[in-house]
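Work through these exercises with the model open in a viewer. Try each task before reading its solution.

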Amino acid sequence: MSHHIVEFHDVYYQYPDGTEPLRGVSFRITHGESVGIVGANGAGKSTLLLHMNGCLLPSKGTIDVGDHQVNKQTRKEIRKKVGMIFQNPDDQLFMPTVFDDVAFGPLNLGLSPDRVKARVEASLERVGALALKNKPPHHLSGGQKSAVAIASVLAMQPDILVMDEPAASLDPRARRDLINLLNDFEHTKIIASHDLDLILDVCDRCIVIKNGKVMADGPSEMILADKPLLEENHLELPLSIQGRTRRKKGGRMNDIQKLHHLIEHWLEHNQEHARTYSEWGDKAGTAGKPKLAALLKEIAQKTTDMDALFRRAAEACR
Ligand SMILES: Nc1ncnc2c1ncn2[C@@H]1O[C@H](COP(=O)(O)OP(=O)(O)O)[C@@H](O)[C@H]1O
Ligand SMILES: [Mg+2]
């Protein structure tokens with residue numbers, strides 16, 4: 001099966017003003033891989049991704065996606081296979097409601113209204129955003145917009161997910177939710193980011209680009225722990241690895257570092273707990289226990305409110 005393969009053969013691209021961010025890029029990504037594209041600002045990550053669904057076409061060289069070479073004739077077909085999630089979800093969401101946004105693609109495929117509805121609901125459910133379906137996208141938080149943008153792509157049932165800086169505008173918890181979501185997907189994933197911690201958490205393989213070329217390509221654990229290589233490419237070790245090496249050098253973590261770690265951990269799980277209390281509150285209500293339901297709802301709300309305090313505590317550890 002070659003239909004999930006993405007292969008760049010010596011790809012060059014020049015913008016009309018003469019900037020040439022891609023100068024001979026080659027790699028092959030196979031079915032089910034999760035690959036991070038990393039490089040400093042301006043390294044050409046976004047330009048590279050835009051070639052994967054034919055938004056841009058190479059000035060020289062070729063790109064294959066599955067059995068097709070990407071060109072003007074094939075790009076419509078290719079866009080059904082390659083779901084592109086742009087850096088800014090506002091570029092992806094433009095309809096009056098979340099439902100309409102997610103339905104837009106499937107409707108254009110000519111599916112019946114029933115099938116469209118089923119796909120929309122399944123996709124929103126998948127990203128935990130079904131409850132938002134009637135909301136206007138511009139009322140959503142950054143994390144919610146990002147989830148809906150992903151749902152709008154999932155609704156097209158692509159084989160390959162391509163994402164440009166998916167966590168750029170997310171707060172730590174929304175970022176963690178996104179990482180968990182991405183790790184659940186079995187699609188081929190190609191993610192451009194300078195958030196190397198995210199790449200380390202989500203991608204098994206990492207491609208480093210600089211000056212329009214591939215500078216390194218290999219297992220993320222190896223590439224992202226290679227300080228000299230990262231520095232040559234104007235990148236820094238992921239924070240999680242910096243923590244590991246600092247701790248190794250300085251011996252054991254001191255108490256404040258431990259506490260910081262612990263607070264970050266609590267913070268990561270708070271919202272999950274709040275959701276669980278709230279869901280059980282609903283169940284208590286359905287089971288004829290309104291007082292218990294109200295108490296659980298109050299607990300959920302107070303847990304959410306505590307987030308701000310935890311965040312301040314984490315800050316105070318620094
Ligand atoms: N539309 C454009 N016209 C001209 N130059 C562009 C355009 N878009 C990006 N560039 C230039 O191409 C280079 C690569 O940009 P980009 O692909 O956005 O990098 P990255 O995503 O890695 O930050 C940069 O020098 C940028 O200024
Ligand atoms: Mg970019």
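The exercises below concern a predicted model and go from its domains to single residues.

**Exercise 1. Domains**

Task: State which domains the chain is assigned and how many Å separate their centres.

Solution. Start with the bounds. The domain assignment gives domain 1 as 6–235 and domain 2 as 255–317. Next, take the centres over C-alpha atoms. They are 32 Å apart.

**Exercise 2. The ligand shell**

Task: List the residues around ligand 1 and sort them into nonpolar, polar and charged.

Solution. Collect the shell in sequence order. Tyr15, Asp17, Thr19 and Pro21 are among the residues around ligand 1. The list goes on with Gly39, Asn41, Gly42, Ala43, Gly44, Lys45, Ser46 and Thr47. Now sort. The shell divides into three nonpolar, seven polar and two charged residues.

**Exercise 3. The open sheet**

Task: Give the order of the four strands in the open sheet and find its edges.

Solution. The order is β2-β1-β4-β5, with antiparallel pairing. Strands β2 (22–29) and β5 (68–69) are the edges, as each pairs on one side only. Then look at one pair. Strand β1 (residues 6–13) runs antiparallel to β2, and six bridges join them. One position to check is Tyr13, whose bridge partner in β2 is Leu22.

**Exercise 4. The largest nonpolar core**

Task: Find which residues of the largest nonpolar core touch the most other members, and which helix gives the largest share.

Solution. The core has 65 residues. Those touching the most other members are Ile37, Val102, Val148, Ala151, Val162, Ile190 and Ile199. Helix α5 (residues 142–154) supplies the largest share of this core, seven residues.

Take Val102 as a test case. Neighbours within four places in sequence are left aside. Val102 then contacts Val120, Ser123, Leu124, Val148, Ala151, Ser152 and Ala155.

Now widen the view to helix α3 (residues 98–108). Its buried residues include Val98, Phe99, Asp101 and Val102. Ala103, Gly105 and Pro106 are buried as well. The packing partners of the buried α3 residues are α4 (113–126) and α5. After α3 comes Gly110, with a positive phi near 85°.

**Exercise 5. Strand β7**

Task: Explain why β7 counts as largely enclosed, then name the strands it pairs with.

Solution. Count the buried residues. Five of the five residues of β7 are buried, so the strand is largely enclosed by the rest of the structure. Next, assign the directions. Ile160, Val162 and Asp164 point one way, while Leu161 and Met163 point the other way. A general rule applies here: side chains in a regular strand alternate between the two faces of the sheet.

Then find the partners. Strand β6 (residues 82–85) pairs with β7 in the parallel sense over four bridges. Within that pair, Met84 bridges to Val162. Strand β8 (residues 188–192) also pairs with β7 in the parallel sense, over five bridges. Here Ile160 has Thr188 as its bridge partner.

**Exercise 6. Buried or partly exposed?**

Task: Classify Ile150 and Arg205 from their C-beta neighbours. The cut-off for buried is 20 or more other C-beta atoms within 10 Å; 12 or fewer is exposed.

Solution. Ile150 is in helix α5. It is buried because 27 other C-beta atoms lie within 10 Å. Beyond its neighbours within four places in sequence, Ile150 contacts Ile85 and Val127. Met163 is 13 residues away in sequence, and its C-alpha is 9.2 Å from that of Ile150.

Arg205 is in strand β9 (residues 205–210). Arg205 has 19 C-beta neighbours inside 10 Å, so it counts as partly exposed. Leaving aside neighbours within four places in sequence, Arg205 contacts Glu33, Val35, Gly218, Pro219 and Ser220. Glu221 is 16 residues from Arg205 in sequence and 8.1 Å away, C-alpha to C-alpha.

**Exercise 7. Positive phi outside glycine**

Task: Locate Gln157 and Glu165, give the phi of each, and classify their exposure.

Solution. Gln157 sits in the loop between α5 and β7 (160–164). Its phi is positive, about 50°, although it is not a glycine. With 16 other C-beta atoms within 10 Å, Gln157 is partly exposed.

Glu165 lies in the loop between β7 and α6 (172–184). It too is not a glycine, yet its phi is positive at about 45°. Glu165 has 19 C-beta neighbours inside 10 Å and therefore counts as partly exposed.

How values were computed. Residues are numbered from 1 along each chain as its sequence is written. Chains are lettered from A and ligands numbered from 1 in the order in which they are written. This is a predicted model: local features need pLDDT of at least 70, side-chain atom pairs count only at pLDDT 80 or more; totals for chains, interfaces and linings use all residues. Domain bounds come from an automatic or database domain assignment. A residue is near a molecule or strand if its C-beta atom, placed from the backbone, lies within 6 Å of it. Ala, Val, Leu, Ile, Met, Phe, Trp, Tyr, Cys and Pro count as nonpolar, Asp, Glu, Lys and Arg as charged, and the others, Gly among them, as polar. A nonpolar core is a set of buried Ala, Val, Leu, Ile, Met, Phe, Trp, Tyr and Cys residues joined through C-beta atoms within 7 Å. Helices (H or I, at least four residues) and strands (E, at least two) are DSSP runs, numbered from the N terminus. Two residues are in contact if their C-beta atoms, placed from the backbone, lie within 7 Å. Two strands pair if DSSP finds at least two bridges between them.
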